[in-house]
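Visitor: Before we start, please show me the model. I would like to ask how its labels are justified.

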Amino acid sequence: MGISEILKSAHSGWRYIVIILLVAAIANAVAGWLGKKPYTEGTRKLNVFTLISAHIQLLSGIVLYFMNSWYKVDSSISMGRYWKMEHISMMIFAVILITVGNARSKRFDSALVKHKTIAIYFSLAIIIIFGAILAMVKADASRSFWGVS
Ligand code: HEM
């Protein structure tokens, strides 16, 4: 198994860490927002860990993109288009939403507004991530929605 295979499996499996942390952070934010709970140190850490996990996924993705020459593939077929442009643009957008949501949440004093900011930005990010993975399964029959390759 070469470095590219190892990195691909890492990127493939790491999605679960990102998704689990996102789900936990969203559940926590919605509960905090609607239940008017304080914004605790635990909440701050959960949101930061979610952010870090997304940045790790971003880094491994960028390396894979260049290492496996996805920027060179033929974009006239849907599989090529997906890997050359769609995956990275949707995923980078999702990571930007997580980054901006986390940064904006720090600017407010009100716990309620902090929770609300996280809830909205992180929810949009997870919707885009699921959309991108669905699009992946449609464009590339060798990949699956659940499961690690
Ligand atoms: C939260 C963000 C992301 C998630 C959840 C995610 C998820 C995935 C999944 C599920 C695969 C398929 C792996 C398999 O075949 O089992 C994949 C492949 C890939 N991802 Fe991502 N990804 C994310 C971000 C990114 C970013 C930001 C980039 C690039 C800048 C990227 C580049 C790639 C590339 C190039 C592949 C193909 C790997 C290969 O077969 O050579 N990903 N990603």
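Guide: A nitrogen atom of the ligand is 2.8 Å from an N or O atom in the side chain of histidine 11. This is a predicted model, in which local features need pLDDT of at least 70 and side-chain atom pairs count only at pLDDT 80 or more, while totals for chains, interfaces and linings use all residues. Residues are numbered from 1 along each chain as its sequence is written, and side-chain values use heavy atoms, with hydrogens and water left out.

Visitor: What makes the pair at histidine 11 a polar contact?

Guide: A polar contact is a pair of N or O atoms within 3.5 Å; within protein, one must be able to donate a hydrogen and the other to accept it, and residues adjacent in sequence count only if both atoms are side-chain atoms. The 2.8 Å at histidine 11 therefore meets the cut-off. Tryptophan 70 has a side-chain N or O atom 2.7 Å from an oxygen atom of the ligand, and a polar side-chain atom of arginine 143 is 2.6 Å from a ligand oxygen.

Visitor: Which protein atoms are donors of the iron atom of the ligand?

Guide: They are NE2 of His11 and NE2 of His87, 2.0 Å from the iron. Donors are N, O and S atoms within 2.8 Å of the metal (3.2 Å for Na, K and Ca); water is not among the atoms, so sites may look incomplete. Histidine 11 belongs to helix 1 (residues 3-34) and histidine 87 to helix 3 (residues 78-107), 76 residues apart. Helices are DSSP runs of H or I with at least four residues, numbered from the N terminus.

Visitor: Why is the site of the iron atom called octahedral?

Guide: Six donors count as octahedral if opposite donors are over 155 degrees apart and all others between 65 and 115. The site has six donor atoms, with angles of 88 to 180° among them, and is classed as octahedral.

Visitor: Are histidine 11 and histidine 87 buried or exposed?

Guide: Both are buried, a term for under 20% relative accessible area, with exposed over 50% and partly exposed in between (1.4 Å probe, protein chains only).

Visitor: Why is lysine 36 called exposed?

Guide: Its relative accessible area is 65%, so lysine 36 passes the exposed cut-off. Lysine 36 lies in the loop between helix 1 and helix 2, and its phi is near 50°, a positive value in a residue other than glycine.

Visitor: What about serine 69, with its phi near 50°?

Guide: Serine 69 is in the loop between helix 2 and helix 3. Its relative accessible area is 22%, so serine 69 is partly exposed.

Notes:
Tetrahedral: all angles 85-135°; square planar, octahedral: opposite > 155°, others 65-115°. Helix = DSSP H or I, 4+ residues; strand = E, 2+ residues; numbered from the N terminus.
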